[in-house]
Amino acid sequence: MTRKEEVFERVEKSILDFDGDKAVEVAKEAINSGVEPVEVIERGVRKALETVGKKYETGELFIIHLAAAGEAANRAINEVLKPEIEKKGEEIHFTGKVLIGTVAGDIHEIGKTIVSAMLLASGFEVTDLGKDVPIETFVREVKEQNPDILGMSALLSTTIPVQKDVIEALQKEGLRDKVKVMVGGAPVTQEWAEEIGADAYGVDAVDAMKKARKLVGA
Amino acid sequence: MVKRGVKGKELRLLSDEGVEAIHNAALDVLRETGIDCYSEKILEVFEEGGADVSDKRVRIPEYLIDEATKKAPSKILFCGRDPKNDILLEGSRIYYGFGGTPTPLILDHRTDEFRRPTKKDMIETTLVGDALPNMDFIMTNAGVFDVPYEVEYLHELDVLFNYTEKPILYSAPGSYLARKYLEMGIAVAGGLKELQRRPFITLYSEPASPLMLTESQENIIEFAKANIPIAIGPMPLSGGTAPGTLAGSSVIGNAETLAGIILAELVNPHAPVIYGGWGLTMDPRSGICAYGSPEFAIGANTITAQMARFYNLPSYGFGGCADGKLPGPQSGAEVMMNALVAGQSGVNLIHDCGYLAGGMVGSTEQAVIVDDVVGMAKRIVQGVRVDDDHLAVDVIKEVGPGGNFMTHKHTRDHVDEFLLPELFDRNSFGTWQSRGAKETRTIAKERVEEILKEHKPEPLGQEIREKLSKVIKEGKKELITKQKEAEG
């Protein structure tokens with residue numbers, strides 16, 4: 001095994017161990033030893049996430065493992081690898097870029113967090129805006145980050161209309177055509193998604209991941 | 001003529017030390033970490049009440065918890081529109097409730113299709129709940145989704161007020177909807193005094209996990225002010241919004257419920273509250289809230305009932321709910337388990353009967369099946385009577401060896417000792433075959449149709465119905481204006 005392969009393996013293992021601190025540490029070591037950060041992502045981070053995804057499909061690992069591996073991977077990417085790649089003026093190839101959040105007035109975000117984990121494991125770059133996200137924040141972040149997909153969740157029938165408000169605000173700002181919009185949450189249905197002009201609705205996390213892949217043509 | 005519920009069995013899975021440990025852990029969390037309140041109104045109440053408030057974080061000292069739980073009444077008379085449906089929440093008496101909060105889907109008993117429920121569906125499900133003999137209070141197994149989201153709750157309340165004479169337990173998130181819920185209740189009761197004397201509505205308020213109260217919980221303030229009962233029950237999910245253990249989830253559930261109770265008692269000392277300090281479970285594999293799991297059954301009922309007894313408060317639990325997607329083997333086993341555990345635990349209000357698919361689907365067909373299951377659970381909890389008459393030694397001596405007891409008067413006199421199921425088939429095999437060899441689901445569907453044809457609860461007077469319609473009309477106008485203002 002070459003030294004490079006050893007590095008990839010250590011990155012992969014840290015994620016498979018769900019160890020975010022370790023993932024950051026070995027990613028730094030990789031950079032210090034001169035390995036290309038893009039390669040670390042593709043042959044270390046992504047390989048680990050693929051393994052986790054496969055093991056989730058076969059029932060060997062659970063959603064909690066998927067979420068923990070996703071978090072570890074995200075830390076290695078965001079804290080170490082991405083800044084390095086940007087320094088070099090290069091780009092990381094993701095399945096797609098997703099901006100996701102729970103709408104204003106709603107703080108029930110566990111479903112959205114599960115979807116984020118699923119998308120991360122599926123190779124997406126995910127920016128999670130958290131809960132109780134104001135309409136203006138969604139609009140501003142879409143403008144600044146230029147994601148492929150905007151995902152919005154709502155659990156309450158009192159907050160679900162906000163999904164519509166966000167879509168309307170995107171229209172007003174001339175941003176609606178620049179981003180695909182996905183909606184989810186217990187009271188959301190396909191009909192609601194169509195009514196408010198969303199591009200897709202995910203009935204659960206796996207469905208959301210499949211629909212997201214379809215939207216970006218992956 | 002209060003319906004005094006069967007006394008549950010006070011099943012103990014926690015030792016006294018265990019109960020105290022969960023209490024102490026919640027005190028620790030409330031004092032050190034505190035809760036976040038996403039509501040100015042709620043923050044104000046806590047601040048004035050003596051809690052340590054900084055920004056939206058509220059840290060609650062022990063004395064506030066002790067005072068609140070001591071002030072809250074230990075018994076609540078929860079009335080029906082018809083007094084024969086009144087239930088008394090005290091001690092370990094058990095009562096089962098039809099449905100829960102609105103389900104986004106309904107299993108159509110006519111077409112076997114899962115679809116979005118309409119107002120007509122909710123009317124039908126409410127009629128079924130009102131008719132089922134073992135359902136003691138009413139929530140819902142549908143939701144009204146053929147109206148704008150803003151007025152969904154108003155239409156749902158309208159259905160409940162019109163189509164059941166049993167006690168109504170329902171949500172109305174936020175202060176506006178809570179006031180409307182009260183306004184409708186007052187219209188039906190004929191005045192606030194009348195409603196207070198015979199509260200036939202109770203609010204369900206659900207703090208958000210972990211450790212948050214939002215504008216939704218402003219409904220607690222409204223109901224406390226009106227002195228109408230409030231059931232507080234958060235839904236912490238182990239491994240998701242709570243630690244991945246049942247005890248840890250119970251600490252979170254207890255802390256959130258206590259925070260809600262303190263809010264109510266600070267607004268109105270002695271406000272009637274019902275304790276639902278649930279420690280619930282997330283399936284770690286799929287991430288769904290696992291209504292049918294054994295841990296859910298004991299977290300929602302046994303631990304809750306034990307904690308409620310510790311605080312001397314009426315309690316709120318779950319039963320008759322399933323993760324199975326269809327009526328059948330899985331959902332049947334799940335509902336029997338949690339309905340029986342709830343009864344054995346002696347938790348007062350046992351809700352969610354008829355839920356399928358982890359609360360995503362309501363089903364009248366399932367609800368009539370659950371009603372029979374609940375009958376069995378109640379029967380088991382009743383136990384065995386042992387006295388001279390029931391030991392029947394005289395009868396045994398009279399009939400003697402080799403005789404039979406079929407024709408003895410004693411047998412006829414005690415035929416009530418045996419619960420006869422409304423739905424489940426106990427015919428001989430031959431009879432079952434000759435009557436069409438029907439599957440349970442078929443019988444359940446027929447029973448739903450029969451109820452819908454025959455069951456007619458006493459309608460509300462014309463004037464009251466008009467008042468309710470007016471609330472909806474005004475609500476629609478006000479909610480849409482409010483939204484416009486927010487946008488403008």
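**Exercise 1.** In which sense, left-handed or right-handed, does α6(B) pass α8(B)?

*Solution.* The structure is a predicted model. Begin with the geometry of the pair: helix α6 of chain B spans residues 174–189 and helix α8 of chain B spans residues 218–226. Their axes come within 7 Å and cross at roughly 35°. The crossing of α6(B) with α8(B) is right-handed. Next, identify the residues that form the contact. On α6(B) they are B:G174, B:S175, B:A178, B:R179, B:Y181 and B:L182, and on α8(B) they are B:E218, B:N219, B:E222, B:F223 and B:A226. Sorted by class, this contact comprises 5 nonpolar, 3 polar and 3 charged residues.

**Exercise 2.** Determine how α10(B) and α11(B) are oriented, and describe their contact.

*Solution.* Helix α10 of chain B (residues 294–311) packs against helix α11 of chain B (residues 329–345) at an angle of about 15°, and the axes lie 9 Å apart. Since angles under 35 degrees count as roughly parallel, α10(B) is therefore roughly parallel to α11(B). The crossing of these two helices is right-handed. From α10(B), the contact draws on B:P294, B:A297, B:I298, B:N301, B:T302, B:A305 and B:R309. From α11(B), the participants are B:M337, B:N338, B:V341, B:A342 and B:S345. The class count for the contact of α10(B) with α11(B) is 7 nonpolar, 4 polar and 1 charged residues.

**Exercise 3.** State the strand order of the open sheet in chain A, and explain why β2 and β5 stand at its edges.

*Solution.* The order of the 5 strands is β2-β1-β3-β4-β5, with parallel pairing. In chain A, β2 (125–128) and β5 (200–201) each have a single partner strand, so one side of each lacks a neighbour in the sheet. For β2(A), consider its pairing with β1 (residues 97–102) of chain A: the two strands run parallel and are joined by 4 bridges. Within this pairing, A:K97 stands opposite A:E125 of β2(A). Finally, add the helix: α5 (residues 110–121) of chain A packs on the sheet and touches β1, β2 and β3 (149–153) of chain A. The direction of α5 makes about 170° with that of β1(A).

**Exercise 4.** Describe the interface of chain A and chain B: how many residues are in contact, and what area is buried?

*Solution.* On the chain A side, 21 residues are in contact with 25 residues of chain B. The two chains bury about 1,800 Å² between them, of which 68% is on carbon and sulfur atoms. Then resolve the share of chain A by residue: A:I107, A:I110 and A:S157 supply 28% of the area that chain A buries against chain B, more than any other three residues.

Conventions:
Residues are numbered from 1 along each chain as its sequence is written. Chains are lettered from A and ligands numbered from 1 in the order in which they are written. This is a predicted model: local features need pLDDT of at least 70, side-chain atom pairs count only at pLDDT 80 or more; totals for chains, interfaces and linings use all residues. Side-chain values use heavy atoms; hydrogens and water are left out. Two strands pair if DSSP finds at least two bridges between them. Contact means heavy atoms within 4.5 Å. Axes are lines fitted to C-alpha atoms, for helices over the stretch in contact, and angles run from 0 to 180 degrees between N-to-C directions. Angles under 35 degrees count as roughly parallel, over 145 as roughly antiparallel, 65 to 115 as roughly perpendicular and the rest as oblique. A crossing is left-handed if the near helix is turned anticlockwise from the far one by less than a right angle, and right-handed if clockwise. Ala, Val, Leu, Ile, Met, Phe, Trp, Tyr, Cys and Pro count as nonpolar, Asp, Glu, Lys and Arg as charged, and the others, Gly among them, as polar. Buried area is the accessible area (1.4 Å probe) that two parts lose on being put together, summed over both.
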